[in-house]
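Biologist: Could you take me through this one and defend the labels as we go? I'd like to hear the rule behind each call.

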Amino acid sequence: MGECVVVHLGSGEWMIVDSCINGETGRPIALDYLDLIGVDVAKQVKLVLITHWHDDHIRGVGEIVREAPNAKFGCSAAIRNEDFCSLVKMSKRIKLVSHMPGLAEFDDVLSTKTNGPDIWMDESKLVYVGGGVPPVKVHSLSPSAKTITNAVGNFATMMKGVKTQNRQPFPSVAPNDQSVVLLVETKDVHLLLGADLEHSAGPNTGWNAVIACGTRPKILSSGYKVAHHGSHNGDMPGIWTQLNHANPHALLTTYSRGRKPLPSDADVKRLKSQTNQAYCTVWPVTQRPKNRTPVDRTINQVVKNRQAVLKRPGHIRLRVPLAGKPNQIVVDLFNNAKKL
(Lines give C-alpha, C1' and ligand atoms only; values in the text may rest on other atoms or scores of the structure.)
Protein backbone atom coordinates (compact mmCIF):
# COMPACT_ATOMS: atom_id res chain seq x y z
CA MET A 1 0.00 0.00 0.00
CA GLY A 2 2.71 2.46 0.92
CA GLU A 3 3.67 4.82 3.70
CA CYS A 4 2.25 8.04 5.10
CA VAL A 5 2.95 9.99 8.30
CA VAL A 6 0.59 12.63 9.70
CA VAL A 7 1.91 14.92 12.47
CA HIS A 8 0.04 17.40 14.66
CA LEU A 9 2.36 20.39 14.98
CA GLY A 10 0.36 22.11 17.71
CA SER A 11 -2.02 25.07 17.57
CA GLY A 12 -4.28 23.06 15.26
CA GLU A 13 -1.66 22.88 12.50
CA TRP A 14 -0.79 19.63 10.72
CA MET A 15 1.90 18.17 8.50
CA ILE A 16 1.54 15.31 6.00
CA VAL A 17 4.70 13.42 5.07
CA ASP A 18 4.43 11.16 2.01
CA SER A 19 1.22 9.64 0.71
CA CYS A 20 -0.42 6.31 0.00
CA ILE A 21 -3.90 5.19 -0.98
CA ASN A 22 -6.56 3.70 1.28
CA GLY A 23 -7.50 0.41 -0.37
CA GLU A 24 -11.08 0.65 0.91
CA THR A 25 -11.89 4.19 -0.26
CA GLY A 26 -9.41 4.86 -3.05
CA ARG A 27 -8.48 8.20 -1.45
CA PRO A 28 -5.16 9.30 0.05
CA ILE A 29 -5.14 7.80 3.51
CA ALA A 30 -4.05 11.07 5.14
CA LEU A 31 -7.22 12.78 3.93
CA ASP A 32 -9.42 9.96 5.24
CA TYR A 33 -7.72 10.09 8.64
CA LEU A 34 -7.87 13.86 9.03
CA ASP A 35 -11.51 13.92 7.95
CA LEU A 36 -12.26 11.23 10.54
CA ILE A 37 -10.83 13.28 13.42
CA GLY A 38 -12.44 16.53 12.31
CA VAL A 39 -9.44 18.38 10.87
CA ASP A 40 -10.23 21.02 8.23
CA VAL A 41 -7.62 19.98 5.66
CA ALA A 42 -8.01 23.14 3.56
CA LYS A 43 -7.20 25.41 6.51
CA GLN A 44 -5.19 23.38 9.02
CA VAL A 45 -2.68 21.40 6.94
CA LYS A 46 0.38 23.65 6.69
CA LEU A 47 2.97 21.29 5.20
CA VAL A 48 2.83 18.53 2.58
CA LEU A 49 6.28 16.99 2.29
CA ILE A 50 7.41 14.20 -0.04
CA THR A 51 10.62 12.48 1.06
CA HIS A 52 11.32 10.91 -2.34
CA TRP A 53 9.48 10.03 -5.52
CA HIS A 54 9.12 6.24 -5.22
CA ASP A 55 5.52 5.27 -5.87
CA ASP A 56 4.88 3.73 -2.43
CA HIS A 57 5.56 7.16 -0.88
CA ILE A 58 3.90 9.50 -3.36
CA ARG A 59 0.61 7.97 -4.55
CA GLY A 60 -2.23 10.45 -4.11
CA VAL A 61 -0.10 13.45 -3.23
CA GLY A 62 -1.57 15.48 -6.09
CA GLU A 63 -5.01 15.14 -4.55
CA ILE A 64 -3.65 16.14 -1.13
CA VAL A 65 -2.04 19.29 -2.55
CA ARG A 66 -5.33 20.30 -4.16
CA GLU A 67 -7.28 19.65 -0.95
CA ALA A 68 -4.78 21.66 1.14
CA PRO A 69 -4.31 24.97 -0.69
CA ASN A 70 -2.82 26.67 2.38
CA ALA A 71 -0.05 24.08 2.73
CA LYS A 72 3.49 24.54 1.54
CA PHE A 73 4.70 21.67 -0.64
CA GLY A 74 8.26 20.44 -0.18
CA CYS A 75 10.45 17.75 -1.71
CA SER A 76 14.06 16.65 -1.97
CA ALA A 77 16.52 19.16 -3.41
CA ALA A 78 18.17 16.21 -5.17
CA ILE A 79 15.49 16.34 -7.88
CA ARG A 80 15.97 20.06 -8.50
CA ASN A 81 17.55 19.62 -11.89
CA GLU A 82 16.59 19.83 -15.54
CA ASP A 83 16.85 16.10 -16.25
CA PHE A 84 14.30 15.21 -13.57
CA CYS A 85 11.92 17.86 -14.93
CA SER A 86 12.41 16.36 -18.39
CA LEU A 87 11.58 12.89 -17.04
CA VAL A 88 8.36 14.25 -15.56
CA LYS A 89 7.39 15.80 -18.88
CA MET A 90 8.30 12.65 -20.81
CA SER A 91 6.10 10.52 -18.58
CA LYS A 92 3.09 12.01 -20.40
CA ARG A 93 4.11 10.74 -23.82
CA ILE A 94 6.28 7.70 -23.07
CA LYS A 95 4.79 4.74 -21.26
CA LEU A 96 6.87 5.05 -18.11
CA VAL A 97 4.00 5.16 -15.68
CA SER A 98 3.82 1.40 -15.18
CA HIS A 99 7.45 1.48 -14.06
CA MET A 100 7.65 4.86 -12.30
CA PRO A 101 4.17 6.05 -11.25
CA GLY A 102 5.89 8.59 -9.00
CA LEU A 103 6.63 10.65 -12.09
CA ALA A 104 2.95 10.90 -12.95
CA GLU A 105 2.11 11.89 -9.36
CA PHE A 106 4.78 14.58 -9.38
CA ASP A 107 3.38 15.90 -12.63
CA ASP A 108 -0.06 15.97 -10.99
CA VAL A 109 1.34 18.12 -8.16
CA LEU A 110 2.85 20.54 -10.65
CA SER A 111 -0.54 20.97 -12.30
CA THR A 112 -1.54 22.69 -9.05
CA LYS A 113 1.81 24.10 -7.91
CA THR A 114 2.58 25.71 -11.26
CA ASN A 115 5.57 27.61 -9.85
CA GLY A 116 7.10 24.42 -8.50
CA PRO A 117 7.67 23.27 -4.91
CA ASP A 118 7.59 25.86 -2.13
CA ILE A 119 10.46 24.16 -0.26
CA TRP A 120 13.50 22.30 -1.57
CA MET A 121 14.70 20.20 1.36
CA ASP A 122 18.31 19.31 2.05
CA GLU A 123 20.64 18.84 5.02
CA SER A 124 20.23 21.13 8.05
CA LYS A 125 17.31 23.15 6.69
CA LEU A 126 14.66 24.60 9.01
CA VAL A 127 11.42 23.79 7.21
CA TYR A 128 8.82 24.99 9.73
CA VAL A 129 8.46 26.84 13.02
CA GLY A 130 5.10 26.61 14.77
CA GLY A 131 3.42 29.52 16.48
CA GLY A 132 2.47 27.67 19.65
CA VAL A 133 4.11 27.68 23.07
CA PRO A 134 6.44 25.87 23.15
CA PRO A 135 7.13 26.15 19.39
CA VAL A 136 7.51 23.09 17.20
CA LYS A 137 10.25 23.00 14.58
CA VAL A 138 10.66 20.73 11.57
CA HIS A 139 14.14 20.23 10.14
CA SER A 140 15.26 18.33 7.05
CA LEU A 141 18.52 16.42 7.64
CA SER A 142 19.14 15.16 4.10
CA PRO A 143 20.00 14.90 1.23
CA SER A 144 23.61 15.99 1.59
CA ALA A 145 25.42 18.35 -0.78
CA LYS A 146 27.35 15.40 -2.21
CA THR A 147 24.11 13.52 -2.87
CA ILE A 148 22.62 16.49 -4.72
CA THR A 149 25.75 16.71 -6.85
CA ASN A 150 25.62 12.98 -7.59
CA ALA A 151 21.94 13.23 -8.53
CA VAL A 152 22.77 15.34 -11.56
CA GLY A 153 24.75 12.46 -13.05
CA ASN A 154 22.23 9.86 -11.94
CA PHE A 155 19.32 11.54 -13.68
CA ALA A 156 21.42 12.16 -16.79
CA THR A 157 22.05 8.40 -16.91
CA MET A 158 18.35 7.71 -16.47
CA MET A 159 17.55 10.07 -19.36
CA LYS A 160 19.89 8.10 -21.60
CA GLY A 161 18.19 4.88 -20.53
CA VAL A 162 14.78 6.26 -21.45
CA LYS A 163 15.98 7.30 -24.90
CA THR A 164 17.78 4.03 -25.71
CA GLN A 165 15.58 1.37 -24.10
CA ASN A 166 12.45 2.29 -26.06
CA ARG A 167 9.83 1.67 -23.37
CA GLN A 168 11.70 -1.17 -21.74
CA PRO A 169 11.92 -1.45 -17.92
CA PHE A 170 12.92 1.92 -16.53
CA PRO A 171 16.31 2.29 -14.81
CA SER A 172 16.35 3.15 -11.13
CA VAL A 173 18.71 5.01 -8.83
CA ALA A 174 20.37 3.02 -6.03
CA PRO A 175 21.20 3.31 -3.23
CA ASN A 176 18.32 5.54 -2.18
CA ASP A 177 20.37 8.38 -0.72
CA GLN A 178 18.19 11.14 -2.21
CA SER A 179 15.48 10.58 0.40
CA VAL A 180 14.67 13.30 2.96
CA VAL A 181 15.08 12.53 6.66
CA LEU A 182 13.00 14.82 8.89
CA LEU A 183 13.39 15.82 12.52
CA VAL A 184 10.37 17.12 14.45
CA GLU A 185 11.59 19.10 17.44
CA THR A 186 9.41 19.94 20.45
CA LYS A 187 10.36 21.07 23.94
CA ASP A 188 11.52 17.68 25.23
CA VAL A 189 10.26 14.92 22.91
CA HIS A 190 11.57 14.72 19.36
CA LEU A 191 10.63 12.54 16.38
CA LEU A 192 13.01 11.26 13.70
CA LEU A 193 11.38 10.29 10.38
CA GLY A 194 13.82 8.10 8.46
CA ALA A 195 11.87 7.81 5.18
CA ASP A 196 13.76 5.38 2.89
CA LEU A 197 17.29 6.70 3.38
CA GLU A 198 19.99 4.04 3.08
CA HIS A 199 23.53 3.93 4.37
CA SER A 200 26.28 4.16 1.78
CA ALA A 201 29.98 3.40 1.56
CA GLY A 202 30.97 7.05 1.22
CA PRO A 203 31.16 9.38 4.24
CA ASN A 204 29.26 12.22 2.55
CA THR A 205 26.06 10.50 1.46
CA GLY A 206 23.18 8.58 3.03
CA TRP A 207 23.01 8.07 6.80
CA ASN A 208 26.76 8.61 7.09
CA ALA A 209 26.28 12.24 6.02
CA VAL A 210 23.33 12.78 8.40
CA ILE A 211 25.26 11.49 11.38
CA ALA A 212 28.46 13.39 10.51
CA CYS A 213 26.74 16.70 9.73
CA GLY A 214 28.04 19.39 12.07
CA THR A 215 25.11 21.78 11.58
CA ARG A 216 22.16 19.51 12.33
CA PRO A 217 20.35 20.02 15.69
CA LYS A 218 22.21 18.01 18.33
CA ILE A 219 19.13 16.50 19.95
CA LEU A 220 18.09 12.89 20.45
CA SER A 221 14.70 11.53 19.41
CA SER A 222 12.34 9.42 21.49
CA GLY A 223 10.33 8.31 18.47
CA TYR A 224 11.85 6.94 15.27
CA LYS A 225 10.05 6.09 12.03
CA VAL A 226 12.43 3.32 10.96
CA ALA A 227 14.12 3.87 7.60
CA HIS A 228 13.49 1.77 4.49
CA HIS A 229 10.94 -0.59 6.02
CA GLY A 230 13.46 -1.99 8.48
CA SER A 231 15.84 -3.24 5.79
CA HIS A 232 19.47 -3.81 6.77
CA ASN A 233 20.61 -1.32 4.12
CA GLY A 234 18.65 1.44 5.84
CA ASP A 235 20.15 0.74 9.25
CA MET A 236 23.43 1.43 11.00
CA PRO A 237 24.53 1.69 14.65
CA GLY A 238 24.95 5.47 14.58
CA ILE A 239 21.23 5.99 14.00
CA TRP A 240 20.54 4.44 17.40
CA THR A 241 23.45 5.90 19.33
CA GLN A 242 23.79 9.41 17.87
CA LEU A 243 20.30 10.32 16.66
CA ASN A 244 17.98 8.51 19.11
CA HIS A 245 17.68 8.06 22.84
CA ALA A 246 18.25 4.55 24.14
CA ASN A 247 15.23 2.28 23.65
CA PRO A 248 13.16 4.66 21.47
CA HIS A 249 9.66 4.02 20.19
CA ALA A 250 10.44 2.56 16.75
CA LEU A 251 7.62 2.68 14.19
CA LEU A 252 7.93 0.48 11.13
CA THR A 253 6.05 0.22 7.84
CA THR A 254 6.21 -2.85 5.61
CA TYR A 255 6.89 -3.48 1.94
CA SER A 256 5.44 -6.65 0.46
CA ARG A 257 5.61 -6.25 -3.30
CA GLY A 258 9.17 -7.40 -3.86
CA ARG A 259 10.56 -10.91 -3.96
CA LYS A 260 11.82 -10.44 -0.41
CA PRO A 261 9.19 -8.63 1.68
CA LEU A 262 10.43 -6.14 4.27
CA PRO A 263 11.12 -6.38 7.09
CA SER A 264 12.49 -9.91 7.13
CA ASP A 265 12.66 -12.00 10.29
CA ALA A 266 16.36 -11.13 10.50
CA ASP A 267 15.51 -7.43 10.21
CA VAL A 268 13.02 -7.69 13.06
CA LYS A 269 15.55 -9.50 15.24
CA ARG A 270 18.10 -6.76 14.56
CA LEU A 271 15.64 -3.96 15.36
CA LYS A 272 14.50 -5.64 18.57
CA SER A 273 18.12 -5.78 19.68
CA GLN A 274 18.05 -1.95 19.64
CA THR A 275 14.68 -1.39 21.34
CA ASN A 276 11.91 -3.31 23.06
CA GLN A 277 9.40 -0.71 21.82
CA ALA A 278 9.18 -1.63 18.13
CA TYR A 279 5.83 -1.49 16.34
CA CYS A 280 4.88 -2.53 12.81
CA THR A 281 1.89 -1.50 10.68
CA VAL A 282 1.34 -5.10 9.50
CA TRP A 283 2.73 -8.32 10.90
CA PRO A 284 3.38 -10.81 9.44
CA VAL A 285 4.22 -8.86 6.29
CA THR A 286 2.56 -11.33 3.92
CA GLN A 287 -0.35 -13.70 4.30
CA ARG A 288 -1.50 -16.61 2.18
CA PRO A 289 -4.83 -16.15 0.38
CA LYS A 290 -7.72 -18.36 1.42
CA ASN A 291 -7.88 -21.72 -0.32
CA ARG A 292 -10.28 -21.73 -3.27
CA THR A 293 -9.65 -25.02 -5.04
CA PRO A 294 -9.93 -25.57 -8.02
CA VAL A 295 -9.30 -21.83 -8.60
CA ASP A 296 -5.99 -22.19 -6.75
CA ARG A 297 -4.89 -24.97 -9.06
CA THR A 298 -5.36 -22.74 -12.11
CA ILE A 299 -3.64 -19.73 -10.52
CA ASN A 300 -0.67 -21.83 -9.42
CA GLN A 301 -0.03 -22.72 -13.05
CA VAL A 302 0.43 -19.03 -13.86
CA VAL A 303 2.19 -17.49 -10.86
CA LYS A 304 4.94 -18.68 -8.54
CA ASN A 305 3.91 -16.76 -5.46
CA ARG A 306 0.64 -15.29 -4.20
CA GLN A 307 -0.13 -12.96 -1.31
CA ALA A 308 -3.35 -11.75 0.22
CA VAL A 309 -3.94 -8.01 -0.20
CA LEU A 310 -5.00 -6.22 2.97
CA LYS A 311 -7.32 -3.36 2.07
CA ARG A 312 -7.39 -1.96 5.61
CA PRO A 313 -3.94 -0.54 6.33
CA GLY A 314 -2.35 -0.83 9.73
CA HIS A 315 -2.09 2.39 11.70
CA ILE A 316 0.24 3.32 14.55
CA ARG A 317 -0.53 6.43 16.61
CA LEU A 318 2.13 7.97 18.82
CA ARG A 319 0.84 10.64 21.19
CA VAL A 320 2.59 12.92 23.69
CA PRO A 321 1.83 16.42 25.03
CA LEU A 322 3.86 19.10 23.26
CA ALA A 323 5.39 20.02 26.61
CA GLY A 324 5.48 16.40 27.75
CA LYS A 325 8.27 13.98 28.60
CA PRO A 326 9.32 10.77 26.82
CA ASN A 327 7.72 8.66 29.56
CA GLN A 328 4.35 10.21 28.65
CA ILE A 329 4.33 8.76 25.13
CA VAL A 330 1.23 6.66 24.44
CA VAL A 331 1.09 4.18 21.55
CA ASP A 332 -2.21 3.05 20.03
CA LEU A 333 -2.44 0.30 17.39
CA PHE A 334 -5.21 -0.04 14.83
CA ASN A 335 -6.28 -2.70 12.31
CA ASN A 336 -3.31 -4.95 11.50
CA ALA A 337 -0.63 -3.04 13.45
CA LYS A 338 1.33 -5.07 16.00
CA LYS A 339 4.02 -4.70 18.62
CA LEU A 340 7.01 -6.78 17.55
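Biologist: What share of the protein chain's 340 residues counts as buried, and what makes a residue buried?

Modeller: 50% of the 340 residues count as buried. Buried means under 20% relative accessible area, exposed means over 50%, and partly exposed is in between (1.4 Å probe, protein chains only). Bear in mind that this is a predicted model, where local features need pLDDT of at least 70, side-chain atom pairs count only at pLDDT 80 or more, and totals for chains, interfaces and linings use all residues. Residues are numbered from 1 along each chain as its sequence is written, and side-chain values use heavy atoms, with hydrogens and water left out.

Biologist: How many helices and strands does the chain have, and what makes a stretch count as one?

Modeller: The protein chain has 11 helices and 15 strands. Both are DSSP runs numbered from the N terminus: helices are H or I with at least four residues, strands are E with at least two.

Biologist: What is the strand order in the five-stranded sheet, and how do you know which strands pair?

Modeller: The order is E1-E2-E3-E4-E5, an open sheet with mixed pairing. Two strands pair if DSSP finds at least two bridges between them. Strand E1 (5-10) and strand E5 (119-121) each pair on one side only, so by that rule they are the edge strands.

Biologist: Which of these pairs run parallel? And how many bridges join E3 and E4?

Modeller: E3 and E4 pair in the parallel sense over four bridges. Strand E2 (residues 13-17) also pairs with E3 in the parallel sense, over four bridges, and Trp14 has Val45 in E3 as its bridge partner. Strand E4 (residues 72-76) runs parallel to E5, joined by three bridges. With four, four and three bridges, these pairs meet the minimum of two.

Biologist: What makes you call E3 mostly covered?

Modeller: Five of the six residues in strand E3 (residues 45-50) are buried. One of its residues, Ile50, stands opposite Cys75 in E4.

Biologist: Why is Cys75 called buried?

Modeller: Its relative accessible area is 2%, which is under the 20% cut-off, so Cys75 is buried. Cys75 also stands opposite Trp120 in E5.

Biologist: How many disulfides are there, and how do you know?

Modeller: Zero. A disulfide is a pair of cysteine sulfur atoms within 2.5 Å. For Cys20 the nearest cysteine sulfur, that of Cys4, is 5.4 Å away, so Cys20 is in no disulfide. Cys20 is also buried, because its relative accessibility of 6% falls under 20%.

Biologist: What is the other sheet like, and why are E6 and E15 called its edges?

Modeller: The sheet is open, with eight strands in the order E6-E7-E8-E9-E10-E11-E12-E15 and mixed pairing. E6 and strand E15 (338-339) each have a single partner strand, so one side of each is left without a neighbour in the sheet. Inside that order, strand E10 (residues 221-225) and E11 run parallel, joined by four bridges, and Lys225 stands opposite Leu251 in E11.

Biologist: Which residues of H10 are buried, and how do you know whether they sit on the same side?

Modeller: Asp267, Val268 and Leu271 are buried in helix H10 (residues 265-272). They cover an arc of only 100° around the axis, taken from the directions from the helix axis to the C-beta atoms, which puts them on the same side of H10. An α-helix has 3.6 residues a turn, so residues three or four places apart point the same way. The face turned away from the buried side carries the exposed residues Asp265, Ala266 and Lys269. Helix H9 (237-242) and strand E11 (244-252) are included in what covers the buried residues, with contact meaning heavy atoms within 4.5 Å.

Biologist: What makes the backbone at Ser124 and Ala195 worth a mention?

Modeller: Most residues other than glycine have a negative phi, and most peptide bonds are trans. Ser124 has a positive phi near 60°, and Ala195 has one of about 50°. Ser124, at 27% relative accessible area, is over 20% and not over 50%, so it is partly exposed. Ala195 is at 4%, so it counts as buried.

Biologist: Where are the cis peptide bonds?

Modeller: One joins Leu262 and Pro263, with omega about 0°, and Pro263 is in the loop between E11 and H10. Another joins Trp283 and Pro284, also with omega about 0°.
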